[in-house]
Amino acid sequence: MPPKRKAVGAPQAGVAKAGRTSALSTPGPATPRSLESSFQSDGDDDLNDDDVDEVIKRKEEVIAREADEFVNTWAVDSSRFQARQDGGGSHRDGATQFFGSGKRDFSYLNLKPDHDQKPLWIDPEKGTIILEKFSPDADRVTDFLVTIAEPKSRPHFLHEYQLTAHSLYAGVSIGLQSKDIIDTLDRFLKTPLPESIRLFIESCTKSYGKVKLVLNNNKYFVESSDAELLQKLLRDEVIGKWRVQGSGDITTSYAPTMGGLVIPGTKDAAGVNQAGLNKSGNKKTAEDGAADAAATNEADLYAAINEEDDEDDKDAVHAFEIPETAVEIVQRRCLDLGFPILEEYDFRNDSNNADLEIDLRPNTQIRPYQEQSLSKMFGNGRAKSGIIVLPCGAGKTLVGITAACTIKKGVIVLCTSSMSVVQWRQEFLKWSNINPDDIAVFTAESKNKFSGNTGIIVTTYSMVTNNRERSHDSKKMMDFLKSREWGLMLLDEVHVVPADVFRRVISSIKSHSKLGLTATLLREDDKISHLNFLIGPKLYEANWMELSEKGHIAKVQCAEVWCPMPTEFYDEYLRANSRMKRTLYAMNPRKFQACQYLINYHEARGDKIIVFSDELYSLKQYALKLNKVFIYGGTGQAERMQVLENFQHNPQVNTLFLSKIGDTSLDLPEATCLIQISSHFGSRRQEAQRLGRILRAKRRNDVGFNAFFYSLVSKDTQEMYYSSKRQAFLVDQGYAFKVITQLANIENTPDLAFATAQERRELLQRTLVDNEKGAEDDVETDDLFGKVGRGRGGAKGRAAAVRRMAGTLGELSGGQDMAYIEQNKAANKGLKKKGAAKAEQSAFFKKLQREKERSRALARQG
DNA sequence: AAACGAGTAA
DNA sequence: TTGCATACTCGTTT
């Protein structure tokens, strides 16, 4: 009898919380979870005891290795590892979830005799592929899998991929054939390739990539080398009626030759560029070009593609025209019919659009994964539209710029904020030799075109999408943008923009190819699938773990710190509405202490620390109490710059507090430690984005360097649940979250805040009073900061609120107001130059007050 | 001119 | 499950 299937990969698996579907569900509020239980499964799998022991033993080894200095320092609880050993019972490991539960037992599939040499498993029903990452073939196979399947979960030792229609489509689009895919898969499987999978692959690949959408002379054409297929589409009720009449029936031409395309910035590019061959020269064969571009060690996998390319040259292509307005309809219809339209731009043979003079600066070398992602885009010598997923700090911008340098036509770059508009322009100037006159910015402030007859425009989504009243200059600029054909549309941060916005952007601006860039192709809604046909398939998705192992991004230690709620806080928490709940678990004094402790610890180590809080009230309170600088939405532009500048260069300023403003719209200096005290529900994207803020760390290649990511969570609250949701993405990327329940010697922290019960009660009262909404309704003004601005009756409303609360809480001293105002000597102030200090300070407070008033007015309406 | 505020959209 | 931050435009102030 063959060994039990599920045991095979198991010994190697095992990081804390490996895999999204693992049984480590975090219970909801008021359901305390003991540390021990968090490492046990629900007991619904059926490993036998021998297996279990073996699994546990190996797992312990892995975990022990990973339990590094930072956890041990605080002696979190070395008992927790022990506890798990004693735990006995059933455990889940990386593999069990795929092979467990009797329903999906695939032991009927016969193992190949040399199965232990093979790295892949497959689920014949669902098309899920499991890769044993420790196999000698793993590296070669990984690249193949990334090409034909969606990465779903990639912890250290077992990777899960999913075969989907889209993923196969992407594979075909870079030139793989059914046969290549089936043969290669079969070669690396432990079992013979199931018939169901073979049929699935064949049915998908047969029709995929056969139809193309081509923009030519400002007109759109549906193109295919298969005349019969085109006829079939024309007979379709939806597509047929959109054919532009009078443009002849079906036009026939010949596919252009492939030539030897070299992506600039690759090792090979230098010489070719010098000789001026990269554009027109055909000295190199297509095979060379593609192989160089791929720069992978599995030339054999790609050989088939290249042979195919050569034959392509003689193929006749047929096309019919469709109107601009019907592009999306036809695209969608084709997808439904099972012939997804591929968008390709044969930029080297486009003589209608002026060439742009742009190249990467001579000494620029792009990294292997950047090269690899671009090779997916330019795999067959043309530019394919699609999305490239790279973690923040891994050089998305450079990928975009390199794509622009390869295409060398007009480029339009779309960003989410005007900050990043400026950055994109700077990056272009930094990495490429583009003439500064040829790259223009289109925002509210600047509406200049480039000087030549082609160039680069950098703008925001809202600028292009805006339907409302426009300034005269904007209107003129939009007409200009709409009137011409762009070679490349670069879409930054594609995940944040709603599908409808894309629709408008794409329908109003004509571009030959579109490249979407993002760090996290994730949304909590289902809109992400729209991107598939609005922009194109996912061309490449980097593996975070691999990048950090190779030193391209920093290694990160992730930890979740569980902070108990003092009883009086918890009582209020149970009683409070959801708004107040959020405030309360952020203001948990134990959390505050943990935060203080971690800041102390990491400042002493020389880390630069960013603390995130989505909850504005607690953000301010934390920052003021700890005397740290902070930035939130209401912080003026000048002050922001000043604070960031200081955080970056001033050795006295090592900790910065940020609202969610820091998620997207700030160009943050490098940090090496990150603490979250409050976050946005279960947003996986936010979690990933925040983690990304420390991946850039320059010290990442120092021996033993780690960046740190802490999530502070109030125990037994909603946060526990959200936290587990938020981590799902990172866990899939292979990050292990360690749970810390106790910070060693925290009580010895100098000036530990809220150390006495008295202080904690005061904190609670103040929190309740300050956030008491109802009390403000019948009061005219309620300035947070006394007599600023209008200056009447400021304290009156507060006093009323205080009195009301006093009824329920008891003991409130009259001096509290004073203490509160006293505290608002923001650390930010210390940064200001003497002269300006006073004026800016009062402006700051004025702004705060106005903001407060506005939100109150809003609350009253609603 | 530059900076700021209000209003609106998404 | 909800609230926050932004971009843009126009009009007003310094």
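Is R198 counted as buried, partly exposed or exposed, and at what relative accessibility? In this predicted model, R198 has a relative accessibility of 27% and therefore counts as partly exposed; the first legend below shows its surroundings.

**View 1. A salt bridge within helix α9 joins E202 and R198.** The closest N and O atoms of E202 and R198 are 2.9 Å apart. Because the two residues are four places apart in helix α9, which covers residues 195–207, about one helical turn separates them. In an α-helix there are 3.6 residues a turn, so residues three or four places apart point the same way. E202, at 31% relative accessibility, counts as partly exposed, and R198, at 27%, also counts as partly exposed. Elsewhere, salt bridges that share partners join E328, R332, D500 and R503 into one network.

**View 2. D143 and K376 form a salt bridge between two helices.** The closest N and O atoms of this pair are 3.9 Å apart. D143 belongs to helix α6 (residues 138–148) and K376 to helix α17 (residues 368–377), so the salt bridge ties together parts that are 233 residues apart in sequence. Both partners lie under the 20% cut-off for buried residues, since D143 has a relative accessibility of 8% and K376 one of 4%.

**View 3. K538 and E150 form a salt bridge between two strands.** Here the closest N and O atoms are 3.0 Å apart, and the pair links distant parts of the chain, with K538 in strand β17 (residues 538–541) and E150 in strand β3 (residues 150–153), 388 residues apart. K538 counts as buried at 17% relative accessibility, whereas E150 counts as partly exposed at 26%.

**View 4. Helix α27 is capped by N588 at its N-terminal end.** A side-chain oxygen of N588 lies 2.9 Å from the backbone nitrogen of R590. The helix has 16 residues, 589–604, and reaches 22 Å from its first C-alpha to its last, close to the 22 Å expected. Among its buried residues are F592, Y597, L598 and I599. After α27 comes G606, whose phi is positive, near 90 degrees.

**View 5. The protein surroundings of DNA strand C comprise 26 residues.** Of these residues, T460, K660, I661, F681 and Y722 come nearest, and sugar and phosphate account for 78% of the strand's atoms that come within 4 Å of the protein. An N or O atom in the side chain of S474 is 2.9 Å from a phosphate oxygen of DNA strand C, while a polar side-chain atom of Y722 lies 2.2 Å from a base oxygen of DNA strand C.

Key:
Residues are numbered from 1 along each chain as its sequence is written. Chains are lettered from A and ligands numbered from 1 in the order in which they are written. This is a predicted model: local features need pLDDT of at least 70, side-chain atom pairs count only at pLDDT 80 or more; totals for chains, interfaces and linings use all residues. Side-chain values use heavy atoms; hydrogens and water are left out. A residue is near a molecule or strand if one of its heavy atoms lies within 4 Å of it. A polar contact is a pair of N or O atoms within 3.5 Å; within protein, one must be able to donate a hydrogen and the other to accept it, and residues adjacent in sequence count only if both atoms are side-chain atoms. The expected span of a helix is 1.5 Å times one less than its number of residues. Buried means under 20% relative accessible area, exposed over 50%, partly exposed in between (1.4 Å probe, protein chains only). A salt bridge is a side-chain nitrogen of Lys or Arg within 4 Å of a carboxyl oxygen of Asp or Glu.
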